[in-house]
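I opened this entry to look up how the bound ligand is held and how one of the sheets is put together. My notes follow in the order in which I checked things.

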Amino acid sequence: MKAVVCPYCGFGCRLLVDEKTMKVKPYPGEPNRGKLCPKGLHSTEFVRSGGRLRRPLKRVGSAMVPVSWGVAIEEISNKLLEIRELYGADAVAFLASSKISNEENYLVQKIARLFGTNNIDNCARLCHEASVHALKLAVGTGAQTNPYEDLEAFNAILIWGYNPAETHPVVMDYILRAKRNGAKIIVVDVRETRTMAFADYKLVIRPGTDITLANAIANVIIREELYDEDFVRSRTDGFSEVRMGVMKYTPEYAEKVTGVSAETIQEVARTFARAGSGALMWGMGLTQHVSGVENVLAVINLALLLGYIGERGGLYPMRGQNNVQGAAYMGALSEFLPGYIPLTDERFRKRVASLWGVEDLPTERGLYLTELWDAIERGDVRALYIVGENPAVSEADFIHVRKALRKLDLLVVQDLFMTRTARYAHYVLPASAFCEKSGSYMNSERRIQWSHRVCEPYGDSKPDWKILMMLGKALGLPGFDYSSIEEITAEYFRLFPELEERSVEELKNSDGIFLPRKRLHTWEFATPDGKARLIAVEQIEPWERPDKEYPLVLTTVRKISHYNTGEMTLRSSSLVRLMGEPKALINEKDAKKLGINDGDWVEIETRRGKIRMRAKVGGVPEGVIAVPFHFKANKLTSPALNKAGTPEFKFSACRVKRFG
Ligand SMILES: Nc1nc2c(c(=O)[nH]1)N[C@H]1C(S)=C(S)[C@@H](COP(=O)(O)OP(=O)(O)OC[C@H]3O[C@@H](n4cnc5c(=O)[nH]c(N)nc54)[C@H](O)[C@@H]3O)O[C@H]1N2
Ligand SMILES: Nc1nc2c(c(=O)[nH]1)N[C@H]1C(S)=C(S)[C@@H](COP(=O)(O)OP(=O)(O)OC[C@H]3O[C@@H](n4cnc5c(=O)[nH]c(N)nc54)[C@H](O)[C@@H]3O)O[C@H]1N2
Ligand code: SF4
Ligand SMILES: [Mo]
């Protein structure tokens, strides 16, 4: 049995995989403590499923024909160099992957930056980047502050726009242990979620009204003097602005905007404040709005007012993909160097450059993943190298994205499968799957864990790091002569002072290493003066309002046995058996008005396009339609971006009719 990191969600369970049978058992130690959800349990199925890419492919006319690795890498690098020669390095963009290891993400951004561009990004942009921006502003670092184990000790857990019962099932074990220890569980969502089944308070709000609700809770906390005066005085700035700012957000006013009663708002504020310690956990319900950054700031204010930091509380932006946290720490983002260090930090930038054997690195922020499509249309970006992402399905308004993909002079897709995105590629490179390679991954609590290789690569596929090494060398970049994955691990360790004394051996033989440490901000925040910032925010309207033509609000959500764009889960026969058919949730009153019965086929249409699926009546407030995002919802979604570059996946104006 070998210990392997689960290839799905950012909770970061480890699996024990049998080398002969490929059967999976849960790892008994941290963080999953002998638990797994069905996705982890059946995760080796897609590895041996049909549909794995066996050999590099090259487009010839409308056909994809096999080529050797040597030819593929040489032709790709020649084309990249030619485009750089003609249009400059910024005409090329790279997408790293939240599915590949730290080492592999480190190499993708190393290639991009040595090639001469900061056009390097990953799906964190579609996900928690608003949390990163808000956390940087408020507390100085961009990640989860406390380990999962702390959850069990807190007296209250406020879960906001986040549905872990379906999206991080194993963290529910921690939440339920906290509940058994007496913690009060409060859930805020726009529908009755599975997570709400375990809640003491269930707040169903109108989509996009989160700032009003958070400000109203702050209003009660301040007016009734429930905040931690010592903490606010000694460890934060900005209290008087927030006090002024939330004055007009009375519970009565908030009731009208959010639909949650004034009494409930008061009770929740008092319960959370009087608990004495508490965690704040949030997800895509907050970040995927044009007000994403401000939404997160508004809820962080609650934790800061109450001093719920360090031993007394924690901020938990629960990360999505198994290595999205690692991708960010490795610098696979267009605005940050490794460790979330800004590109403008000259000392650090030059240190990275000298480690890589060059004088300096590009300093201009690169394009966000979500800005690429317009840039391609304008002709500013001519080549795109994608590792393990599927934007033709996962991006908002994908008709526009697919049009842009068709326009590229060069599209390379490195994946396990012939994905929807790969169909547009000039070259498709077969990558080895998670258990066919070794490497390190970082989970949501910032725990770096080693994943051991279990079996041989499938067909002629290669681990991403080997492909990237070949590419780096072919592009003539310095420092791509690694003889093992461990050499790359050791190289990234050198970028972090906290890892300098740690060894790869220690990582391999332990339950992981926290970067930079287990708990953040216990004594001091990471801001220049060590204080946290309370930042006053006003309610921000969604980009697209419902109107006569499109009177309903569309939001998109996740289901437990489906995963993102489905490339992996749909190739797992056990999961396919567990999956129900994805259905659109519609309120009883709306259904009645539109003559829709449970199980009917409906057509959902926005200004971008229309899709058909079956309806399920109930579970959402009047005026709201909730559609599983997997597969086709992005034909409909709004491409409006927030300050961190994330689309408003959670709010579009739509209309619905019965079909057939
Ligand atoms: N089974 C499964 N697990 C997954 C994934 C998967 O696809 N399938 N994907 C992984 C990834 S990449 C991520 S990022 C995480 C995401 O994990 P979550 O954040 O839990 O995922 P979502 O279901 O997208 O959104 C969370 C909730 O936001 C609510 N919501 C929608 N609009 C609003 C709003 O305006 N306000 C509020 N307060 N709530 C709103 C939705 O009803 C939903 O219940 O899950 C990870 N885990
Ligand atoms: N409407 C709507 N849209 C959304 C969201 C939403 O809530 N609503 N959520 C957004 C969020 S939070 C996210 S994170 C994105 C996810 O968007 P994507 O990252 O594009 O989606 P995935 O399906 O996770 O794609 C991962 C790809 O990596 C490949 N892969 C897996 N392992 C490896 C490997 O080892 N090597 C390589 N090279 N490839 C590998 C898989 O085959 C798959 O094609 O979707 C976003 N889109
Ligand atoms: S909870 Fe997440 S990490 Fe754990 S087994 Fe399920 S998908 Fe994998
Ligand atoms: Mo995500």
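**Ligand 1 and its surroundings**

I first looked up the domains, and I note that ligand 1 lies between domain 2 (145-318) and domain 3 (552-658), because both give residues to the shell around it. I keep in mind throughout that this is a predicted model.

Next I went through the shell itself, where I found 33 residues around ligand 1, with Asp 189, Arg 191, Asp 210, Arg 558 and His 562 coming nearest. By class I recorded eleven nonpolar, 14 polar and eight charged residues in this shell. I then asked which helices and strands each supply at least two of its residues, and wrote down the helices α5 (164-167) and α12 (284-287) together with the strands β9 (184-189) and β23 (552-557).

For the backbone contacts, I noted a nitrogen atom of ligand 1 at 3.1 Å from a backbone N or O atom of Glu 166. I also found oxygen atoms of the ligand at 2.8 Å from a backbone N or O atom of Gly 208 and at 2.8 Å from a polar backbone atom of Met 284. Taken alone, ligand 1 exposes 910 Å², of which the protein buries 99%.

**The barrel**

Turning to the sheet, I traced six strands that close into a barrel in the order β23-β27-β24-β26-β25-β28, with mixed pairing. Its neighbouring strands are turned against each other by 45 degrees on average, with direction ignored.

Within the barrel I looked up one pair, and found that β24 (residues 584-586) and β26 (residues 610-617) run in the parallel sense over three bridges. There, Ile 586 has Val 617 of β26 as its bridge partner.

Terms used. Residues are numbered from 1 along each chain as its sequence is written. Chains are lettered from A and ligands numbered from 1 in the order in which they are written. This is a predicted model: local features need pLDDT of at least 70, side-chain atom pairs count only at pLDDT 80 or more; totals for chains, interfaces and linings use all residues. Side-chain values use heavy atoms; hydrogens and water are left out. A residue is near a molecule or strand if one of its heavy atoms lies within 4 Å of it. A polar contact is a pair of N or O atoms within 3.5 Å; within protein, one must be able to donate a hydrogen and the other to accept it, and residues adjacent in sequence count only if both atoms are side-chain atoms. Accessible areas come from the Shrake-Rupley method with a 1.4 Å probe; for residues, only the protein chains shown count as cover. Helices (H or I, at least four residues) and strands (E, at least two) are DSSP runs, numbered from the N terminus. Ala, Val, Leu, Ile, Met, Phe, Trp, Tyr, Cys and Pro count as nonpolar, Asp, Glu, Lys and Arg as charged, and the others, Gly among them, as polar. Domain bounds come from an automatic or database domain assignment. Two strands pair if DSSP finds at least two bridges between them. Axes are lines fitted to C-alpha atoms, for helices over the stretch in contact, and angles run from 0 to 180 degrees between N-to-C directions.
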